[in-house]
Structures are given as structure tokens and as C-alpha cells.
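Student: Could we go through this model together? I would like to begin with strand pairing and then move on to other topics.

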Amino acid sequence: MYEKIWNQNKIAFGGDYNPEQWDEATWEEDMHLFRLAHIDTVTLNVFSWAMLQPDESTYDFTKLDRIMELVKKNGLKVVLATSTGAHPAWMAHRYPEILRTEFNGMKRKFGGRHNSCPNSPVYRMYSARLAEKLAEHYKDYDNIVAWHISNEYGGECYCENCEKAFRVWLKKKYHTIEEVNRVWDTAFWGHTFYDWEEIVLPNLLSEHFAYERTMFQGISLDYRRFNSDSILECYRLEYEAVKRHTPDIPVTTNLMGFYKPLDYQKWAKYMDMVSWDNYPSNQDTPAQIALSHELMRGIGGGKPFLLMEQTPSVTNWLPYNALKRPGVMRLWSYQAVAHGADSVMFFQMRRSIGACEKYHGAIIDHVGNENTRVFREAAALGAELKALGDETLGARARKETAILFDWENWWAIEYSAGPSVLLKYRDEIQNYYTALYEQNMATDIIGVEDDFSDYRVIIAPVLYMVKPGVDEKIKAFVQAGGIFVTTFFSGYVDDHDLVVTGGYPGKLRDLLGIWVEESDALPEGETNHFTWKGARHEAVLLCDLLHPEGAGVLATYEEDFYAGMPVLTKNRYGAGAAYYVAVRSDASFYEALIREICEKAGITPVAQTPGGVEAVLRVGRDEKKEFLFLLNHEKIEQSVPVEQDATDLVTGMEWKKGSKLTLPAYGVAILKRSV
């Protein structure tokens, strides 16, 4: 049976609340408005460090005590934050070594947030101490449902603290200076090191000529690993501090989807439950938003996650901060639930009056009452979630198709000096995910350490870095009957970004049955073509020039000197097959390829829907019922055929197989049916 990830009897509804910014009369007004909106869970104490600790030795929880008592009296559950995302001004003044140094070598002064060096012993000491004092002080509050460590971790640092810590990290990883020289290939450009103290961190003062452009990929790649590990250590110090006093309260921190600097696949191992903040841009498609949800669910091993933040209306940092149209907040909230969320929470409960977030959306606007469109929409959603109860809590997705995603592969691809500045790892992942999404195929995002045997199809776009043992895992998967798909610029390097000699795609060459001799990087606007299954498709970005070595050729290039060479191949391997796609192509190609592969694997869509209607299936905790989420992302109403007797948990309506369910613009249905 699947388990709930935290102690809740319904989808948590609420979000970040900052009463320390307001007088106590306003607190009482807020309690009344929360009841009207069916708010049941608030995140407190996110940025209160300066209030809680006015100097080195004084801790004052008086105001937070009043807030905690107030929300408890009003029946609210609390996600309690540790406040360590922004250190107090006195700390920066007294201990300037805690301040970050930017990529360009500029030393920062006090200001902003995430302005603390993650390798500062002073910052680490004070942050862990505050977390422990909070846990010790509030350990007997039975309405604390989770700990929220810091907030949206980020902020790379390039200071002397970090340079010294980097050397220590390297010693632990490689043990000898000779091994460092080997894995970084320091014979290139006379970079050989003879002493650990000779190693400097990579930034604009040393190996970089731009943030993403480096002259020594191995060094920069290891610094990315080190930086992610350093910030993770800060999180873990606070995690351990609160666990000493509240071992049964789950601990999390709010992640940020495809946030490149931090290896969330590694971070998730140290989180009791994954939570994240969903802030899509105005231009993001439903498939792009869904992919981020899938990633967050995937790093947690398929368990439900928490939607810790979203805006009820607008953000404040985009060039043009458009309103969410009526119905979209509700639609995107249910989309999160469909993809695995056991909470629907917002930033923020009440709009602040100063600084950069005063125009960020909130449930309670500056007018200070319930007579706004946003409040009415939130209250209506709150009522629906209250009626829904615990039905979907703990539900999971079926494992059928997976996309392989790896943070270190991401770093290595986009540090590469060539073949094309247009090559972006996430774009290639999105191309394949969108093809699955548009056809309502159940899809997981997995990492190289996950179990491959649960799936029938695994797609690994641009698997540039093949880590030790991963090629054997893939081969065993295909040998046992799985279908594997990969693309151009795959199998080139090992985990140190050293080229695997003997011909591309390196350790995947026998699996794929091909040899890639060259790769042609096409400038933006230039296109080759190929025809497959009677349809002509574009070939852009990179065009691999490859030779079959046992693989069957399914399509060939039509233009340039490599016309007639393979562009799409399939190789039988054991009981399975491996496909190689030598180019980036168009959406129609990806959809056709996914359709064929899924048919061969016996994978069917979770539902048949018109374009613009997303269908997601989750299986209930007892595995005897399932929930089909139908989400209409269009501005017009659309009809969906009902394929099995079901009850709509949103409206309570009963639906019989063969009937037509009509979804209004931005409408949602959750069909509960027996397995």
C-alpha cells in the first residue's frame, strides 16, 4: 500500500504567512479571512532571523510565541521554517567573512537573501544553532506538521572559504594530487598541479570567460558538484538539529524545479519529503509545467510531493507580470495534484507593503478584505479541497515510460566547448516529454541510480556523460526486453568529462549498433530533412554522421554531402531494442516516434482526449481505486469520452462508460473508478 507523506487528513491548503510584518489587530482580521477561504495550513517564520536573534547571544521568541499560539487557537496547522535564508545585519557587520563572493570575484555586502557563504564556519554554526533552538522551544506543539529548512536554497560562492573547502573536498574525493591531475587532464595547457595549495577555484578570475563557458570542463564540473554539496551540508546541519528534538516531524526545504546549480537528485536523499515552488513564466506551456512536477515527483522516488508555493495571481520578477486568468489558478493547482502534490499552498497569504514582493500576488490583497476576484477563487478552491478530503493523498502513478535526467550530465553538456551554443539539455528533455504528454502517456522522470527494471521504455536524450555502471544497467534493461531511446551527443564522456576513446557513442556503441564519425552543428535557421513513415521532418541543431554496425536504418538525410547517411536507427539487443535519433527534429516526428515505440511496448494512453485536455492517472493508496484527472487548458469547453464507470470527485456526478463529459474552459474533473 502507498503511504501518505505527512500527517494530514486532506490536501493541505494555505501557504506563506508573515504576520511579523503586521500589527496584531491585522492578525485577528487574517484569522477571520482564513476561515472564509478554508485555509488550514500556514508556513511561518521564513525570514525572521533578525527578529529572533538580535545579537550573538540573545534569542527572543516572544513575538513568534504569540503568532504560534494564535494560529493554534484558530485550528491552523503549521509548516515551521528555520528562518536561515537571510542572516541578520549584525552578523554580516561583525563577521564579514560570512558574505558571499560573486562569480566575478566581487565581495558582497549585507543585503538581499542567500547572501551567506555556505562554507563559512560562522554561518554554519549560527544557522544550525537557531534551528536547534527553534526545535527545542516548539517541540511540544502538536500542530507542527513539517519543518521548512531555510528557503529556496541558492547562491554560489567563490570566496577564500570556498577555495579552501574545495581543496578539502577534492582530497576526500580523489585522495592524491596525481589522481586530480588525471581526471582533469591537466597535461593540457600545462595545468599540472604539484601541491593542493596550487589549486584555485574556477571563475572569471581563473578558468572561465563567461559563466557557462570554461576552458577546463573537469575543474568547473567538480566545482559545481562541490557547490551543490556545500549548500546541501548547510541544509543537513539544520535537518539534524531539528531532528534531535522532533524526530517524528518530517523535514523538507522548498526546491525550485529545474534549478541548475543544485543536484536535487542528490538532495532528495536527505529530505523526508520533496517540496517545491511552482512559478512558471507567462510563456510556459502546460507540458513545461507538468514536466517540472514530474521531476519533483521523480527525485522523491515517485512519492507524492508538496506544492509549497505558487502565486494565486501574479509574480513580481518577470518583465511582464500578467494575471492568472479566472480559473487558471484552480486549474494549475489541480494539475499539481494530478502529478503528485499532496498540498496546494501559496506565496503569500497577505501582500506585504514594502520591498520587492509588495506587488507579488496574495490571497489577501492590499485592500485587506474578501471582496476580490483572487480571494473568491481561492475560497472556492479551498471549499473543494475540503470536500475532497483524503481521497487522493498518497496516490502514485503507474510505472511504464521514463525519461532519464541527470544533473551532472546537464552541467557537463552546457560547459562543453562545442558543438553548439544552441544545445540545451532541458530543451531536449522537453521535446520528448511533450510528445508523451500530448498523447497522455504516463511518464516518470528518473535518475541514473534508479531502478530501470520497473519500466518498459526509457528515453535518455543527450546522454553525453555515461557514469560508471550506467551502460551495464541500460544494456541489462534492453536485454530483458526494454526499449531504450537516445540521441545525438550521447556516450561521449565519462563522469570526469574525459572522452571515451574508440569511437562515439563510447560504451553505448554495441548496444546501439552504430559508430558516429562526425557531428555537423547547423547554425540557427539552417535545416536538413529526412522522411520517415511517409512524412518529411526537419533535421536541425546537430546532425550526426554515423555508420550502422548491426543497427537497422529507419531513415536517412536528404541534403548536403551526408545525404543518404542514417538519421534514425534501431538495433535489436537481446529481447529488446535500442533506437538512436541523430538530430533534433520537429514535434510531429517526436509524437510519431513515441506512438510507435509505446505501441511496440504495449503502453497505451491513460485516456483519449481532444487537444488541450491533459489526462493524468494516479493509483490510490489501497491500490483498489484510481483517479483520472482531466484538465482542460483551453479557453473553450471540450468534451471527453468516459471510458469506464466513474464518479467525479469535484462535482459528485456519476458517469457511465460511453457517455461524454464536458469540461468548461479551464475546467477540471477527477474521475474516481475501481481498478
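Student: How do β23 and β24 pair, and over how many bridges?
Tutor: The two strands β23 and β24 run antiparallel to each other and are joined over seven bridges. Please keep in mind that this is a predicted model.

Student: Which residue of β24 is the bridge partner of V616?
Tutor: The partner of V616 is F629 in β24.

Student: And what lies between β23 and β24?
Tutor: The two strands form a hairpin, with five residues between them. In that turn, E623 has a positive phi of about 60 degrees.

Student: Which other strand pairs with β24, then?
Tutor: Strand β29, residues 668-674, pairs with β24 in the antiparallel sense, over seven bridges. Within this pairing, K625 is found opposite S674 of β29.

Student: Is β24 buried or exposed?
Tutor: Strand β24 covers residues 625-632, and eight of its eight residues are buried, so the strand is largely enclosed by the rest of the structure.

Student: Which residues are on each side of it?
Tutor: On one side of β24 are K625, F627, F629 and L631, and on the other are E626, L628, L630 and N632. Both faces are covered, as the residues on the two sides are all buried.

Student: Changing topic: how many cavities of 30 Å³ or more are there in the whole structure?
Tutor: A search of the whole structure finds six of them. The largest cavity has a volume of about 190 Å³.

Student: Which residues are closest to the centre of the largest cavity?
Tutor: They are E294, H339, M441, A442 and V616, out of 18 lining residues. V616 is the residue we met earlier as the bridge partner of F629.

Student: Which elements give two or more residues to that lining?
Tutor: Those elements are α10 (286-299), α14 (425-438) and β23 (613-619). Strand β23 gives the most, with five residues.

Student: How does the lining of the largest cavity divide into nonpolar, polar and charged residues?
Tutor: Eleven of its residues are nonpolar, three are polar and four are charged.

Student: What about the volume of the second largest cavity?
Tutor: The second largest cavity has a volume of about 120 Å³. It is lined by 13 residues, and H114, S116, Y123, Y153 and G154 are the closest to its centre. By class, this lining has five nonpolar and eight polar residues, with no charged residues.

Student: Now for single residues. Where does R225 lie?
Tutor: R225 is part of helix α8, which covers residues 217-243. R225 has a relative accessible area of 5%, so it counts as buried.

Student: What polar contacts does its side chain make?
Tutor: One is with the side chain of D222, at 3.0 Å. Another, of 3.1 Å, joins R225 to the side chain of E408.

Student: Which residues does R225 touch, not counting those up to four places away in sequence?
Tutor: R225 touches W169, E408, W411, M465 and D495. E408 is thus in this set as well as being a polar partner of R225.

Student: Last one: is D342 buried or exposed?
Tutor: D342 is buried, with a relative accessible area of 1%. Its place is in strand β11, residues 341-346.

Student: What does the side chain of D342 reach?
Tutor: The side chain of D342 reaches the backbone nitrogen of G394 at 3.1 Å. Beyond its neighbours within four places in sequence, D342 is in contact with several residues, including W6, F305, G394 and R618.

Note on methods
Residues are numbered from 1 along each chain as its sequence is written. This is a predicted model: local features need pLDDT of at least 70, side-chain atom pairs count only at pLDDT 80 or more; totals for chains, interfaces and linings use all residues. Side-chain values use heavy atoms; hydrogens and water are left out. Helices (H or I, at least four residues) and strands (E, at least two) are DSSP runs, numbered from the N terminus. Buried means under 20% relative accessible area, exposed over 50%, partly exposed in between (1.4 Å probe, protein chains only). A polar contact is a pair of N or O atoms within 3.5 Å; within protein, one must be able to donate a hydrogen and the other to accept it, and residues adjacent in sequence count only if both atoms are side-chain atoms. Contact means heavy atoms within 4.5 Å. On a 1 Å grid over the protein atoms alone, a cavity is a set of points where a 1.4 Å probe fits but cannot get out, and a pocket is an open set with protein on both sides within 12 Å along at least five of seven lines; lining residues have an atom within 4 Å of a point. Grid points are joined across faces, edges and corners, and a volume is the space filled by probe spheres set on the points. Ala, Val, Leu, Ile, Met, Phe, Trp, Tyr, Cys and Pro count as nonpolar, Asp, Glu, Lys and Arg as charged, and the others, Gly among them, as polar. Two strands pair if DSSP finds at least two bridges between them.
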